[in-house]
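Welcome, and thanks for taking a look at this structure with us. Please have the sequence and the 3D view at hand as you read.

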Amino acid sequence: MCYNLIVMNYEQSMKDKFKALRDKKDVLILSIESSCDETSVAIVKNGREVLANIIATQIEIHRRFGGVVPEVASRNHITAISNIFEEALTEAKITKNDIDAIAVTYGAGLIGALLVGVNFAKALAYSLDIPLIAVSHVHGHISANYISHQALKPPFVCLMVSGGHTALLQVDDYNSFKLLGTTVDDAVGEAFDKVARVLELPYPGGPEIDKLAKSGQNNIKFTISNSLKDSLNFSFSGVKTGVVNLVHNLKQKGEQINKADIACSFQESVTDELCEKATRAIKQAGINKLVIAGGVGANSCLNAKMRKFAQENNFEVFSPVLKYCTDNAAMIGSAGYYMLKDGIGLADLTLSAKPNVSL
Ligand code: KG4
Ligand code: ZN
């Protein structure tokens, strides 16, 4: 059969199957995430119950380069994905014939890395004759909270903080988002990683800053740009440059660099900004639930500070347990389930990876 016919037949037959799944009592989704340096396959039941969530991390491989090397990431995804898939089935104690649908991250992320997951997902969906759901990575990060907090439902305000994104979103329903504010330059995780690099800490820098800051003092004033103070937008490039300049000046003068104090002061300044703007967004939206999402959501200072702000301003805070903060496929399975329930996101075999995707 020619390729075009295969694509057409698959697309046609999936429409009904996808619709039928909306009313099925129990839906098992196999999900795939490969947008950066984690290859992950999960099996998620009804969007909330994780039967397996296997993650092969490449952190050790990229550490010697001081950051993720895209080509190296793609190659390692290729090597890992089949084994991770088999491992997920074994852990979930199911066979591939038990799967109702496949959900895959198609963007945003590194194009070569994404393509590995997308192509694996397409081949699997076609061979099993089941629907394929295209999920945005950011949507996945938000949904990680549905796994960690079984009773959590929209509406809520989401503070999305990762290596690639920083945003405040009003989440009115599982698939309905309004952007309240975003970064005008660096993502907050990017700033953490850059500051860590200038302090000669290993990759990934965020968790290293978090650790080091615990033994430091907040005694250096790193100011956040004032120009955005009346909006819900963020800017982190100024504070990042402030750290870089300070470290270079100290080095030039041959003076001692107190890394712990720098880490602590930087982290305090950034988390103050995140907490203040998230609190303002909560008040503006008139919603008293704040959900933190993305890798920087693992930051201990951010979590503690946000809970203090929440107590003082009368709102609730949710963040995923640590293993669901950073990249994982379970969050993609949860997002995919609620997309399926709303009848959206059905993809066909022409699905491709996209480096930039909005929600
Ligand atoms: O969500 P994620 O795993 O990948 C992206 O979608 O970008 O986020 C990765 C980012 C990195 O910048 C990493 O340094 C940061 O999350 N991160 C942290 C912590 N754990 C991970 N940043 C601050 N404190 C942490 N504990
Ligand atoms: Zn991520």
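The report below walks through a metal site, a helix pair, a few individual residues and some backbone details.

## About the model

Please keep in mind that this is a predicted model. The values in this report are computed from its atoms.

## The zinc site

Let us begin with the metal. The zinc ion (ligand 2) is held by three residues: His137 and His141, each through NE2, and Asp327 through OD, at 2.0 to 2.1 Å. Along the sequence these donor residues follow the spacing H-x3-H-x185-D. His141 belongs to helix α5 (residues 137-148), while Asp327 sits in the loop between α11 (322-325) and α12 (330-341), so this pair ties together parts of the chain that are 186 residues apart in sequence. Both His141 and Asp327 are buried.

What makes the arrangement around the zinc ion (ligand 2) irregular? There are six donor atoms around the ion, and the angles they subtend run from 54 to 166°. For six donors to count as octahedral, opposite donors have to be over 155 degrees apart and all other angles between 65 and 115. The angle of 54° falls outside those limits, so the site is classed as irregular.

## A closer look at His137

His137, one of the zinc donors, is found in helix α5. Is His137 buried or exposed? Its relative accessibility is 7%, and the cut-off for buried is under 20%, so His137 counts as buried.

Leaving out residues up to four places away in sequence, His137 touches Glu33, Ser35, Thr105, Gly107, Ala108, Asp327, Met331 and Ile332. Asp327 in that list is also a donor to the zinc ion (ligand 2). You can also compare the positions of His137 and Gly295: they are 158 residues apart along the chain, and their C-alpha atoms are separated by 12 Å.

## Helices α9 and α10

Two packed helices are described by the angle between their axes and the distance between the axes. For helix α9 (residues 259-285) and helix α10 (residues 300-313), the angle is about 35° and the axes are 9 Å apart. The crossing of α9 past α10 is right-handed.

Which residues of α9 and α10 meet? From α9 come Gln267, Glu268, Thr271, Asp272, Leu274, Cys275, Glu276, Ala278, Thr279 and Lys283, and from α10 come Cys301, Leu302, Lys305, Met306, Phe309 and Asn313. By type, the contact of α9 with α10 involves seven nonpolar, four polar and five charged residues.

## Two buried residues and a partly exposed one

Val116 has its place in helix α4 (residues 111-128) and is buried, with a relative accessible area of 12%. Apart from its neighbours within four places in sequence, Val116 is in contact with Ser34, Ser74, His77, Ile78 and Ile81. Between Val116 and Asn76, which are 40 residues apart in sequence, the C-alpha to C-alpha distance is 9.7 Å.

Ala134 is part of strand β5 (residues 132-136), and with 12% relative accessibility it counts as buried. Its contacts, again without neighbours within four places in sequence, are Val104, Tyr106, Met339, Gly345, Ala347 and Leu351. Ala134 and Ala335 are 201 residues apart along the chain, with 9.8 Å between their C-alpha atoms. Lys251, in helix α8 (residues 237-252), counts as partly exposed at 44% relative accessibility. Beyond residues up to four places away in sequence, Lys251 touches Val198, Glu200 and Ile257.

## Backbone details

Where are the cis peptide bonds described here? One runs from Pro154 to Pro155, with omega near 10°, and Pro155 lies in the loop between α5 and β6 (156-161). Another joins Tyr203 and Pro204, with omega about -5°; Pro204 is placed in the loop between α6 (188-198) and α7 (205-213).

Positive phi values in residues other than glycine are also worth a visit. Lys93 has a phi of about 55° although it is not a glycine, and it is found in the loop between α3 (70-92) and β4 (101-107). Lys93 is exposed, with a relative accessible area of 75%. Asp129, likewise not a glycine, has phi near 60° and sits in the loop between α4 and β5. At 36% relative accessibility, Asp129 counts as partly exposed.

Conventions:
Residues numbered from 1 in each chain as written. Chains lettered and ligands numbered in written order. Predicted model: local features only at pLDDT ≥ 70, side-chain atom pairs only at ≥ 80, totals over all residues. Heavy atoms only, no water. Axes fitted to C-alpha atoms, helices over the stretch in contact; angles between N-to-C directions. Helix = DSSP H or I, 4+ residues; strand = E, 2+ residues; numbered from the N terminus. Left-handed = near helix turned anticlockwise from the far one by under 90°. Contact = heavy atoms within 4.5 Å. Nonpolar A, V, L, I, M, F, W, Y, C, P; charged D, E, K, R; others polar. Donors = N, O, S within 2.8 Å, 3.2 Å for Na, K, Ca; no water. Tetrahedral: all angles 85-135°; square planar, octahedral: opposite > 155°, others 65-115°. Buried < 20%, exposed > 50% of the residue type's maximum accessible area, 1.4 Å probe, protein only.
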